[in-house]
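I opened this notebook to keep a record of what I looked up, one topic at a time. The entries follow the order in which I asked my own questions.

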Amino acid sequence: MKTTLRHLSLSGGLALLVMLASPCMADAAMLNLNGQDIDAEASGDMVIREGVTMVSEDLLQDEMHLTLEKDGKQFTFSNAYKDFSLKGAVGSDTLLLNGGDKKMSVDARSIDGKLFVPLRPVIELFGDIGWVGADQTVYARYDYNDQLDIP
């Protein structure tokens, strides 16, 4: 009987721990891009892999106004003015900006047929990025040509 009660007590404690921990783990991360909140995780345009925030080709095109060209595993992003070229490859941890390279913490990858790249190195090329754990939000500010008045 003692073994059964101890087992039930341990199981109940574990279940309670899981229930208490689940809301924190289930909180979706948000993205605040140039002052605009984007629920990119819910749309599937942002995933967190190995502790790294990765964004899809769709988010980079729609929200950061980049043009994408793909050739097999190779990809190139550019802005409307074509004054920069950001190149990389699926499976590579290096981005090339107009010939200079930037290491990423994880490789660019294809997830469900969509290109995903780590957000931090892309933003750092043109602005600032930070994480606020209290509100589970990635705050990113970018300005390709230093022309925007963004807090």
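The notes below go from the whole chain to its sheets, and then to single residues.

**Entry 1: the whole chain**

I began by noting that I am working with a predicted model, and I kept that in mind throughout. For the secondary structure I looked up the totals, which come to four helices and 13 strands. I then turned to burial, and found that 36% of the 151 residues of the protein count as buried. The accessible surface comes to about 9,100 Å², and 54% of this area belongs to carbon and sulfur atoms. For the contacts I took those between residues at least 6 apart in sequence, and noted that 39% of them join residues at least 24 apart.

**Entry 2: the mixed sheet**

In what order do the four strands of the mixed open sheet lie? I read the order as 2-1-13-12, with strand 2 (36–38) and strand 12 (127–132) at the edges, each of them pairing on one side only. From one strand to the next, the twist averages 20°. Within this sheet I followed strand 1 (residues 30–33), which runs parallel to strand 13 (residues 137–142) and is joined to strand 13 by four bridges. As one position in this pairing I wrote down Asn 32, which stands opposite Tyr 139 of strand 13.

**Entry 3: the antiparallel sheet**

I next looked up a second set of four strands, an open sheet in the order 3-4-11-10 with antiparallel pairing. Here strand 3 and strand 10 (109–111) are the edge strands, and each pairs on one side only. The twist in this sheet averages 40° from one strand to the next. Strand 3 and strand 4 (residues 52–56) run antiparallel and are joined by four bridges; in this pairing, Val 47 has Met 54 of strand 4 as its bridge partner.

**Entry 4: helix 4 and the two sheets**

Which strands does helix 4 lie across? I found that helix 4 (residues 119–126) lies across strand 1, strand 12 and strand 13, and that its direction makes an angle of about 140° with strand 12. Helix 4 also lies across strand 4 and strand 11 (114–118), running at about 65° to strand 11. I noted, then, that helix 4 touches strands from the mixed sheet and strands from the antiparallel sheet.

**Entry 5: a hairpin**

I went on to strand 5 (residues 67–71) and strand 6, which run antiparallel with five bridges between them. These strands form a hairpin with two residues between them, and in the turn I noted Gly 72, whose phi is positive at about 65°. Along the pairing, Glu 69 stands opposite Thr 76 in strand 6.

**Entry 6: aromatic rings**

How many aromatic pairs does the count come to? I recorded two, and looked at one of them in detail. The ring centres of Phe 84 and Phe 126 lie 4.6 Å apart with the planes at 40°, so I entered the pair as tilted. Because Phe 84 lies in the loop between strand 6 (74–78) and strand 7 (85–89) while Phe 126 belongs to helix 4, this pair ties together parts that are 42 residues apart in sequence. I checked the burial of these residues as well, and both Phe 84 and Phe 126 are buried.

**Entry 7: three single residues**

Is Ser 85 buried or exposed? Ser 85, which lies in strand 7, counts as buried because its relative accessibility is 19%, and the cut-off is under 20%. Leaving out residues up to four places away in sequence, I listed its contacts as Thr 76, Phe 77, Leu 96, Leu 97 and Asn 98.

Thr 94 lies in strand 8 (residues 94–97) and also counts as buried, at 18% relative accessibility. Its side chain is joined to that of Lys 103 by a polar contact of 3.2 Å. Among the residues that Thr 94 touches, beyond those up to four places away in sequence, I noted Lys 87, Gly 88 and Asp 101.

Arg 49, in strand 3 (residues 46–49), is partly exposed, with a relative accessible area of 32%. Apart from residues up to four places away in sequence, Arg 49 touches Met 54, Arg 109 and Ile 111. I also looked up the separation of the C-alpha atoms of Arg 49 and Val 106, which is 8.6 Å, although these residues are 57 apart along the chain.

Conventions. Residues are numbered from 1 along each chain as its sequence is written. This is a predicted model: local features need pLDDT of at least 70, side-chain atom pairs count only at pLDDT 80 or more; totals for chains, interfaces and linings use all residues. Side-chain values use heavy atoms; hydrogens and water are left out. Two strands pair if DSSP finds at least two bridges between them. Axes are lines fitted to C-alpha atoms, for helices over the stretch in contact, and angles run from 0 to 180 degrees between N-to-C directions. Contact means heavy atoms within 4.5 Å. Rings of Phe, Tyr and Trp (its six-membered ring) pair if their centres lie within 6.5 Å; planes under 30 degrees apart count as stacked, over 60 as edge-to-face and the rest as tilted. Buried means under 20% relative accessible area, exposed over 50%, partly exposed in between (1.4 Å probe, protein chains only). A polar contact is a pair of N or O atoms within 3.5 Å; within protein, one must be able to donate a hydrogen and the other to accept it, and residues adjacent in sequence count only if both atoms are side-chain atoms. Accessible areas come from the Shrake-Rupley method with a 1.4 Å probe; for residues, only the protein chains shown count as cover.
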